[in-house]
Amino acid sequence: MSEAGAEASSAGGGAGDPSLARNLVTFVVFQVIWTACVAGTGKGNDLVGPASLLLLVLLLPFITDRRCELRLWLTVGLLGTVIDSGLLALGWIDFPHSPEWWPAWLVPFWISGLWVSFAALLRSCLVWLRGRTLLAFLFGLVGGPFSFHMGTRLEAVVVTEPSWRGYA
């Protein structure tokens with residue numbers, strides 16, 4: 001085997017590579033959850049998104065250290081919930097389809113679920129960004145606002161004027 005082939009093989013990514021399968025399954029699960037949460041809420045169905053979070057169970061066979069992974073998911077979920085609830089409390093964003101009984105200062109459950117499903121990407125699809133701080137920052141700089149933009153297009157979230165605040 002050539003030196004380049006050995007390097008590629010040891011780095012993973014071949015057809016039989018379990019990390020490739022994990023990355024693919026994780027990416028697809030995240031996309032399905034994001035779409036179910038955002039599009040479902042935009043159409044007035046608040047239950048589709050949270051129910052779709054059950055798909056995270058499909059990732060468990062790929063995770064060797066489940067305790068560590070679940071801790072990451074919970075940490076990112078809580079941190080994202082706190083940050084987005086802060087934006088909500090500041091009046092920068094609003095969730096027009098939140099149930100009337102839901103606390104006005106707290107983002108809907110499906111937002112927390114999106115953060116948890118995003119956390120699942122960190123040790124799989126996005127692991128290549130580890131140690132590449134500037135590139136990770138740029139991805140976040142584009143990905144976060146783009147996600148909010150699509151959420152507004154699907155009528156799941158409202159970014160208040162001036163709109164740059166909700167995308168910051």
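1. A word on terms before we start: two residues are in contact when heavy atoms of theirs lie within 4.5 Å. With that in hand, residues 24 or more positions apart account for 65% of the contacts in the protein that have a separation of 6 or more. Please keep in mind as you read that this is a predicted model.

2. Here is the overall layout. The protein has seven helices and two strands. Starting at the N terminus, the order of elements is α-α-α-α-β-α-α-β-α. The chain has 168 residues, and 32% of them count as buried.

3. The helix pair I would look at is α4 with α5. Two packed helices are described by the angle between their axes and the distance between the axes. Helix α4 covers residues 66-89 and helix α5 covers residues 109-122; they pack at about 135°, and their axes are 8 Å apart. An angle over 145 degrees would count as roughly antiparallel, and one of 65 to 115 as roughly perpendicular; α4 and α5 are therefore oblique to each other. The crossing of α4 past α5 is right-handed.

4. Which residues in α4 and α5 meet? From α4 come Glu69, Leu72, Trp73, Val76, Gly77, Gly80, Thr81 and Asp84. On the α5 side they meet Ile111, Ser112, Trp115, Val116, Phe118, Ala119, Ala120 and Leu122. By character, the residues of this contact divide into ten nonpolar, four polar and two charged.

5. Asp84 deserves a second look. Is Asp84 in helix α4 buried or exposed? Buried means under 20% relative accessible area, so Asp84, at 5%, counts as buried. Setting aside neighbours within four places in sequence, Asp84 is in contact with Ile93, Val107, Ile111, Trp115 and Phe148. Two of these names, Ile111 and Trp115, also appear among the α5 residues that meet α4.

6. Next, the nonpolar core. The largest one has 30 residues, and the members that touch the most other members are Leu56, Trp73, Ile93, Phe95, Trp110 and Leu114. Helices α2 (18-42), α4 and α5 each supply at least two residues of this core. Of the contributors, α5 gives the most, with seven residues. Take Trp110 as one example: leaving aside neighbours within four places in sequence, Trp110 is in contact with Cys37, Val38, Thr41, Pro50, Phe95 and Ala156.

7. Two serines are worth finding on your screen. Ser117 sits in helix α5 and, at 1% relative accessibility, counts as buried. Beyond neighbours within four places in sequence, Ser117 is in contact with Phe30, Ile33 and Leu56. Ser52 belongs to helix α3, residues 48-52, and also counts as buried, at 8% relative accessibility. Outside its neighbours within four places in sequence, Ser52 is in contact with Ile33, Ala36 and Cys37. Ile33 is thus in contact with Ser117 and with Ser52.

8. Where does Ser52 lie relative to Gly113 in sequence and in space? Ser52 and Gly113 are 61 residues apart in sequence, yet 9.1 Å apart in space, C-alpha to C-alpha.

9. Last, a residue facing the other way in terms of accessibility. Leu74 is found in helix α4 and is exposed, with a relative accessible area of 57%; the cut-off for exposed is over 50%. From Leu74 to the buried Ser117 there are 43 residues in sequence and 10.0 Å in space, C-alpha to C-alpha.

How values were computed. Residues numbered from 1 in each chain as written. Predicted model: local features only at pLDDT ≥ 70, side-chain atom pairs only at ≥ 80, totals over all residues. Heavy atoms only, no water. Axes fitted to C-alpha atoms, helices over the stretch in contact; angles between N-to-C directions. Helix = DSSP H or I, 4+ residues; strand = E, 2+ residues; numbered from the N terminus. Parallel < 35°, antiparallel > 145°, perpendicular 65-115°, else oblique. Left-handed = near helix turned anticlockwise from the far one by under 90°. Nonpolar A, V, L, I, M, F, W, Y, C, P; charged D, E, K, R; others polar. Buried < 20%, exposed > 50% of the residue type's maximum accessible area, 1.4 Å probe, protein only. Core = buried A, V, L, I, M, F, W, Y, C linked by side-chain atoms within 4.5 Å.
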